[in-house]
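Hi everyone, thanks for making time this morning. I'd like to walk you through a structure I have been looking at, so please pull up the viewer and follow along.

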Amino acid sequence: GAGVVADSLVKTYARGARPVTALAGVDLAVAGGEVVALVGPSGSGKSTLLALLCGWESPDSGVLSYTGPLAGRRPETLGWSELALVPQALGLVADLPLADNVLLPARLRGDAAAAGPRAGDLMAGVGIGHLAGRYPHETSLGEQQRAAVARALLLHPAVLLADEPTAHQDRGHADRLLDALVAAARAGTAVLLATHDEQALDRADRVLAMRDGRLGPRTSP
Ligand code: ADP
Ligand code: ADP
């Protein structure tokens, strides 16, 4: 399967009086089939790393690449079946019901009808099957987050990046979300989660710790 590789990524935000080095040389490889969790204090660079890995930001130096069937591709050319995101801000479309939000990646490529059953299964699996017709503002933040995860999983993405995907969940719903993410990995997806959630760390194949823009093995808390 495909994976994502970061090699010596450096990113400094120059806004304001003092530049902030968010990433100070990050090496990372996530392979298809594994769930990697990224932990670290707030401000340590986790979101910046995800933003680089999906092409929202570009590095000052270092190289981001994809492997396997995605070798040689640039992030901005990847569709939802290749690179799927669960951003911290979720990114649901406000004037589409939850089911249409979940179906959006399929609709963008003109096969929403074919993806309907999978969308329904995913929504039921994460506990929003009864909310298909609700608009995002008629649902809780936790329910919106579950829709964002279902949407990311819809097209069996090669790589899935999720920022705190269980942040707004109770234990039971967090478990169902993690079940869905782990199942995707077992089917070949490379899954990278930024998370503080012990439940998520327990389900990860590997846990990496981010501190001051550097990545290392996890030290005991
Ligand atoms: P985390 O996700 O671990 O909380 P971030 O990647 O959001 O960490 O932030 C890393 C550092 O970069 C922090 O010092 C943060 O203030 C800074 N930073 C992040 N995004 C920006 C931005 N758009 N402009 C300026 N500084 C930023
Ligand atoms: P592919 O069939 O190559 O996977 P899609 O048909 O899934 O491509 O994607 C269609 C369009 O949807 C993309 O060109 C892009 O504009 C948008 N898109 C795809 N993936 C994402 C994503 N992860 N985040 C935001 N927009 C996306």
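I'll go through one ligand site, a helix, a pocket and then the other ligand site. Before I start, please keep in mind that this is a predicted model.

Let's begin with ligand 1. Which residues surround ligand 1? Going along the chain, we have Tyr13, Arg15, Val20 and Ala22, then Pro41, and then the run Ser42, Gly43, Ser44, Gly45, Lys46, Ser47 and Thr48. Sorted by class, that shell holds six polar, four nonpolar and two charged residues.

Now for the polar contacts, where oxygen atoms of ligand 1 come up three times. One contact goes to the side chain of Thr48, with an N or O atom there 2.6 Å from a ligand 1 oxygen. Another involves the backbone of Gly45, where a polar atom sits 3.0 Å from an oxygen of ligand 1. And for Ser44, a polar backbone atom is 3.2 Å from a ligand 1 oxygen. On its own, ligand 1 would expose 560 Å², and the protein buries 67% of that. Two elements each give two or more residues to this shell, namely strand E2, residues 20-30, and helix H1. H1 has the largest share, with three residues.

Let me stay with Ser44 for a moment. Ser44 sits in the loop between strand E3, residues 35-39, and H1. Is Ser44 buried or exposed? Ser44 is buried, because its relative accessibility is 2% and the cut-off for buried is under 20%. While its backbone faces a ligand 1 oxygen at 3.2 Å, its side chain reaches the backbone oxygen of Pro41 at 2.7 Å. Pro41, you'll remember, is itself one of the residues around ligand 1.

That brings us to H1, which spans residues 46-53. Why do we call H1 largely enclosed by the rest of the structure? Because seven of its eight residues are buried. Those are Lys46, Thr48, Leu49, Leu50, Ala51, Leu52 and Leu53. After H1 comes Gly55, with a positive phi near 85 degrees.

H1 also turns up in the second largest pocket, which has a volume of about 200 Å³. Fifteen is a fair number of names to read out, so here are the ones nearest the centre: Ser47, Leu50, Ala51, Trp56 and Asp163, out of 15 lining residues. The elements giving two or more residues to this lining are H1, strand E5 at 83-86 and strand E6 at 159-163. H1 gives the most, with four residues. By class, the lining has ten nonpolar, three polar and two charged residues. Do notice Ser47, which is among the residues nearest the pocket centre and also belongs to the shell of ligand 1.

Last stop, ligand 2. The residues around ligand 2 are Leu78, Gly79, Trp80, Ser81, Glu82, Leu83, Leu85, Leu108, Arg109 and Leu155. In this shell, six residues are nonpolar, two polar and two charged. The side chain of Ser81 has an N or O atom 2.4 Å from an oxygen of ligand 2. The nitrogen contacts are with backbone atoms: Trp80 has a polar one 2.8 Å from a ligand 2 nitrogen, and Leu83 has an N or O atom 2.9 Å from a nitrogen of ligand 2. The protein covers 58% of the 560 Å² of accessible area that ligand 2 has alone.

That's my tour, and I'm happy to take questions.

Key. Residues numbered from 1 in each chain as written. Chains lettered and ligands numbered in written order. Predicted model: local features only at pLDDT ≥ 70, side-chain atom pairs only at ≥ 80, totals over all residues. Heavy atoms only, no water. 1 Å grid on protein atoms, 1.4 Å probe; cavity = no way out; pocket = protein on both sides within 12 Å on 5 of 7 lines; lining within 4 Å. Points joined across faces, edges and corners; volume = space filled by probe spheres on them. Nonpolar A, V, L, I, M, F, W, Y, C, P; charged D, E, K, R; others polar. Near = heavy atom within 4 Å. Polar contact = N/O pair within 3.5 Å; in protein donor to acceptor, adjacent residues only side chain to side chain. Areas by Shrake-Rupley, 256 points an atom, 1.4 Å probe, with all protein chains shown as cover. Buried < 20%, exposed > 50% of the residue type's maximum accessible area, 1.4 Å probe, protein only.
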